[in-house]
Amino acid sequence: MPHWYKGVVSDIRPLTETTRHYTIKVEDEEEFSFTPGQFITLDLPIGEKRLQRWRSYSIASAPNGNNNIELCIVRTDDGSGTRYFFEDVNVGTELKFKGPEGVFVIPSDLEETEIVLLCTGTGIAPFRSMLHHIRQQNLKFKKIHLIFGTRYEEGILYKDELDKMKADYPNFEYEVALSRMEHPDYYHGYIHSIYMKKYNEVTQDRRFYVCGWSGMLDEAVANLTEKLGYDKSQIRFELYG
Ligand SMILES: Cc1cc2nc3c(=O)[nH]c(=O)nc-3n(C[C@H](O)[C@H](O)[C@H](O)COP(=O)(O)OP(=O)(O)OC[C@H]3O[C@@H](n4cnc5c(N)ncnc54)[C@H](O)[C@@H]3O)c2cc1C
């Protein structure tokens, strides 16, 4: 039987018109331990049957030795889970959740492996956790390249943090692809064109981490394996749905 925790929402911050950053304080625990990249599953009061109510969210913060966790959630058009988050959840709302779970976690061989992180929208959440962890723990890494996709400039999540990471670490690269808008600072199109061009020569010491919804994720995995020839073992992914 999983252990169910009680969390209380302590802060809600809008990131875009449809995306919010939630801070949750885990009650009755001094520390909530997890590995960067893992997710929790909430039992939301949105249905009779257990499986109708469960929604998973990647933890967007790094383990800090305390009992706060942060989530980054996008509102979907007809989704009952995100409707609950956006219409009914306020500071002080109690949430029931289990976890942490998942094997899509920060690589242990950061110093030897070149890491390419691919995501769209809130798929950035586990990567934010990993990058904060690297910063806080002062972990050494060979090279990390984050490629983030969204439709418009307004959709770029955690831009200030990522710009700062790029300024502070010469071996951290960060690129944005805007699919529906031209902008002098960003690539116009989908994330796929960026890694297809840049990583078209296969090397064994490179690994790709892909996070998000099936449209983007399936295409990325197919491109990397079938078109570029990477081995499946060089690709890790977290599918949101
Ligand atoms: C391991 C894991 C981690 C996740 N982490 C996050 C996270 O950090 N942040 C986050 O926002 N979501 C995350 N999700 C997705 C989340 O669990 C819900 O599926 C999402 O919030 C939609 O829930 P809903 O109840 O509003 O919609 P539902 O009523 O459950 O879904 C409606 C339909 O829309 C699809 N859908 C939902 N959202 C999108 C989208 N943006 N693009 C395309 N199709 C979509 C669903 O697959 C479903 O078919 C994660 C999912 C998993 C499995």
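Into which domains is the protein chain divided? The chain has two parts to keep in mind, namely domain 1, covering residues 4-101, and domain 2, covering residues 114-239. Please note that what we are viewing is a predicted model.

Let me begin with how the domains are placed. The C-alpha centres of domain 1 and domain 2 lie 24 Å apart. Where the domains meet, 14 residues of domain 1 are in contact with 15 residues of domain 2. On the domain 1 side of this contact, strand 5 provides the largest share, with three residues. By class, that side of domain 1 consists of nine nonpolar and five polar residues, and it has no charged residues.

I turn now to the ligand. Its shell contains 19 residues, and the closest are Gly-79, Gly-81, Thr-82, Thr-122 and Gly-241. Three elements give two or more residues each to this shell: strand 4 (54-58), strand 5 (68-74) and helix 2 (80-87). Of the elements, strand 4 makes the largest contribution, with four residues. Sorted by class, the shell has eight nonpolar residues, nine polar residues and two charged residues. Why can we say that the ligand lies between the domains? Both domain 1 and domain 2 give residues to the shell, and therefore the ligand lies between them.

The next topic is the interior. The largest nonpolar core has 56 residues, and those with the most contacts inside it are Leu-71, Leu-117, Leu-118, Ile-124, Phe-127 and Ile-147. Domain 1 and domain 2 each supply at least three residues to this core. Let us take Ile-147 as an example. Setting aside residues up to four places away in sequence, Ile-147 touches Val-116, Leu-117, Leu-118, Glu-175, Ala-177, Ile-191, Ile-194 and Tyr-195.

Another member of the core, Phe-127, brings us to helix 3, where Phe-127 is among the buried residues. Helix 3 spans residues 125-136, 12 residues in total, and reaches 17 Å from its first C-alpha to its last, close to the 16 Å expected at 1.5 Å a residue. This helix is mostly covered, with nine of its 12 residues buried. The buried residues include Arg-128 and His-132, alongside Met-130, Leu-131 and Ile-134. After helix 3 comes Asn-138, which has a positive phi, near 55°.

I shall finish with two individual residues, Ala-220 and Asp-88. Ala-220 is part of helix 6, residues 214-227. Is Ala-220 buried or exposed? With 25 other C-beta atoms within 10 Å, Ala-220 is buried, because a residue counts as buried when 20 or more such atoms lie within that distance. Apart from its neighbours within four places in sequence, Ala-220 is in contact with Leu-118, His-192 and Val-210. The C-alpha atoms of Ala-220 and Ile-235 are 9.7 Å apart, and the two residues are 15 residues apart along the chain.

Asp-88 sits in the loop between helix 2 and strand 6 (94-101). Around Asp-88 there are 11 other C-beta atoms within 10 Å, so Asp-88 is exposed, the cut-off for exposed residues being 12 or fewer. Asp-88 and Met-181 are 93 residues apart along the chain, and their C-alpha atoms are separated by 33 Å.

To close, I return to the ligand: both domains give residues to its shell, so it lies between domain 1 and domain 2.

Definitions and conventions
Residues are numbered from 1 along each chain as its sequence is written. This is a predicted model: local features need pLDDT of at least 70, side-chain atom pairs count only at pLDDT 80 or more; totals for chains, interfaces and linings use all residues. A nonpolar core is a set of buried Ala, Val, Leu, Ile, Met, Phe, Trp, Tyr and Cys residues joined through C-beta atoms within 7 Å. Domain bounds come from an automatic or database domain assignment. Two residues are in contact if their C-beta atoms, placed from the backbone, lie within 7 Å. A residue is near a molecule or strand if its C-beta atom, placed from the backbone, lies within 6 Å of it. Ala, Val, Leu, Ile, Met, Phe, Trp, Tyr, Cys and Pro count as nonpolar, Asp, Glu, Lys and Arg as charged, and the others, Gly among them, as polar. The expected span of a helix is 1.5 Å times one less than its number of residues.
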